[in-house]
Amino acid sequence: MKRMIVSTTTGLALALALTISLTPATVSAEGASSLRGDLALPEVKSPPQVFKLKLDQDKFERNFKTQPPLVPHKVAKYRVNLKVNRCLKCHDKANYKEEESPMAGKSHYMDASGKETAKLNMKRYFCMQCHVPQTDAKPLVANTFKGTK
Ligand code: HEC
Ligand code: HEC
């Protein structure tokens, strides 16, 4: 009986020591903070600013020849998943004329050997991988980028 009590206490002490040694040290990186800011976990951050979409032009100027053009209209309600692709309802080769929309890029209707195809190349299925709208947000970091002519 006595022996058992001793072993239990030793076990507890060991477990405690383990817990302490496994607790991660608080990481402090000077000058760096997460997007939440330096807030303790229970604190709630005020909601982020909502930026306005830039919708005032017909088309955005492209900065270089192979740039995927920016989207000049709202996209929030257009679903793209395995079953539907709302973007294609207007931009597909088969129906862009009736929809009075620009046809998706020619390169989107080419197979691997560069031959023209009637159907969209599935590598281009997820439009928003490359085409995004613009907001009136200021750049997070100043830069001197200039587009080519
Ligand atoms: C209801 C029809 C419609 C739908 C749906 C639609 N678009 Fe458009 N899109 C247009 C029209 C029309 C234009 C031409 C500019 C304008 O009138 O806004 C355009 C312009 C664009 C342009 C600019 C082309 C250029 O040459 O500058 C891109 C890129 C684009 N859309 C991408 C998308 C993507 C991505 C989606 C899906 C998330 C989508 N569109 C859904 C009708 C549509
Ligand atoms: C892998 C990137 C990529 C994906 C995915 C993609 N595009 Fe594009 N898109 C481009 C690039 C790059 C251009 C400009 C060069 C070109 O025409 O290929 C372009 C051009 C366009 C244009 C303008 C065509 C013109 O003649 O001015 C439209 C409209 C467009 N894409 C719509 C779409 C739609 C709709 C989808 C989804 C079905 C889509 N794109 C998917 C990269 C992409």
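Before I start on the iron: a donor here is an N, O or S atom within 2.8 Å of the metal, and water is not among the atoms, so a site may look incomplete. I also jotted down that this is a predicted model.

**Iron of ligand 1**

I looked up which protein atoms reach the iron atom of ligand 1. They are NE2 of H73 and NE2 of H91, and they lie 2.0 Å from the metal.

I then checked where the two histidines sit. H73 is in the loop between helix 1 (2-22) and helix 2 (86-91), while H91 belongs to helix 2, so the pair ties together parts that are 18 residues apart in sequence.

Next came the geometry. What is the arrangement of the six donor atoms around the iron atom of ligand 1? The angles they subtend run from 88 to 179 degrees, which makes it octahedral. For reference, I noted that six octahedral donors ideally give 90 or 180 degrees.

Are the two histidines buried or exposed? Neither word fits: H73 is partly exposed at 32% relative accessible area, and H91 is partly exposed too, at 24%. Buried would need a value under 20%.

**Ligand 2**

I moved on to the other ligand. I found 23 residues around ligand 2, and S107, H108, C127, C130 and H131 come nearest.

I went through some polar pairs. The side chain of S107 puts an N or O atom 2.3 Å from an oxygen atom of ligand 2. R62 has a polar side-chain atom 2.8 Å from an oxygen atom of the ligand. For H108, a polar side-chain atom lies 2.8 Å from a nitrogen atom of ligand 2.

Last entry: which pocket does ligand 2 take? The space it occupies is the largest pocket.

How values were computed
Residues numbered from 1 in each chain as written. Chains lettered and ligands numbered in written order. Predicted model: local features only at pLDDT ≥ 70, side-chain atom pairs only at ≥ 80, totals over all residues. Heavy atoms only, no water. Donors = N, O, S within 2.8 Å, 3.2 Å for Na, K, Ca; no water. Tetrahedral: all angles 85-135°; square planar, octahedral: opposite > 155°, others 65-115°. Helix = DSSP H or I, 4+ residues; strand = E, 2+ residues; numbered from the N terminus. Buried < 20%, exposed > 50% of the residue type's maximum accessible area, 1.4 Å probe, protein only. Near = heavy atom within 4 Å. Polar contact = N/O pair within 3.5 Å; in protein donor to acceptor, adjacent residues only side chain to side chain. 1 Å grid on protein atoms, 1.4 Å probe; cavity = no way out; pocket = protein on both sides within 12 Å on 5 of 7 lines; lining within 4 Å. Sits in = over half its atoms within 2 Å of the grid points.
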